[in-house]
Amino acid sequence: AEDWGVQDDNDTYDDMWGGIQEEVANGWFAPSKSEWAAFGAAFNITSSTYQNFGLSPCYWSSSQYNTYAAYYAEFYDGNVSAETTNFYYWVRLATTF
């Protein structure tokens, strides 16, 4: 939300929200930190099995920590942590059906 800072304010690249608008219109979304945790628990994904599911080590969530940081799912060690948004982690969208 705009409360956390200006969105799509870069002429070079979109922020995550700006980059997924076409997918959002089709029902996809960026999972929250709680949704990532529930996903990992539901499928019993661990640090030794995440690659068997075709997952990368870390994914950004849609949950913000503060104006400079957001939460991400760390499948390589089974945690949900916060980090400044200048790190290059993967983004994976989800949908319900």
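What pattern does the protein follow, read along the sequence? The answer is α-α-α-β-β-β. That is three helices and three strands. Before going on, please keep in mind that this is a predicted model.

Some overall values, to begin. The protein has 97 residues, and 24% of them count as buried. About 6700 Å² is exposed, with carbon and sulfur atoms supplying 50% of that area. As for contacts, take those between residues at least 6 apart in sequence: 49% of them join residues at least 24 apart.

Now the core. The largest nonpolar core has seven residues: W36, I45, Y50, L55, Y59, A73 and F75. I will stay with Y50 for a moment. Leaving aside residues up to four places away in sequence, Y50 touches I45, L55, S56, P57, F75 and Y76. Of these partners, I45, L55 and F75 also belong to that core.

Next, S56, one of the residues Y50 touches. S56 is found in the loop between α3, which covers 33–42, and β1, which covers 58–64. Is S56 buried or exposed? S56 counts as buried because its relative accessibility is 16%, and the cut-off for buried is under 20%. Which residues does S56 touch, not counting those up to four places away in sequence? They are Y50, F75 and W90. Y50 and F75 are both members of the largest nonpolar core.

The loop between α3 and β1 also holds N44. Here the backbone deserves a remark. Most residues other than glycine have a negative phi. The phi of N44, however, is positive, near 55°. N44 has a relative accessible area of 58%, so N44 is exposed. That loop therefore contains a buried residue, S56, and an exposed one, N44.

Last, a pocket. The second largest pocket holds about 250 Å³ of space. Which residues line the second largest pocket? The lining consists of F29, P31, E35, W36, F39, F43, R92, L93, A94 and T95. By type, seven of the lining residues are nonpolar, one is polar and two are charged. W36 appears in this lining and is also part of the largest nonpolar core. If you have the structure open, W36 is a residue to pick out when going from the core to the pocket.

That is what I have on this predicted model.

Terms used
Residues numbered from 1 in each chain as written. Predicted model: local features only at pLDDT ≥ 70, side-chain atom pairs only at ≥ 80, totals over all residues. Heavy atoms only, no water. 1 Å grid on protein atoms, 1.4 Å probe; cavity = no way out; pocket = protein on both sides within 12 Å on 5 of 7 lines; lining within 4 Å. Points joined across faces, edges and corners; volume = space filled by probe spheres on them. Nonpolar A, V, L, I, M, F, W, Y, C, P; charged D, E, K, R; others polar. Helix = DSSP H or I, 4+ residues; strand = E, 2+ residues; numbered from the N terminus. Buried < 20%, exposed > 50% of the residue type's maximum accessible area, 1.4 Å probe, protein only. Contact = heavy atoms within 4.5 Å. Areas by Shrake-Rupley, 256 points an atom, 1.4 Å probe, with all protein chains shown as cover. Core = buried A, V, L, I, M, F, W, Y, C linked by side-chain atoms within 4.5 Å.
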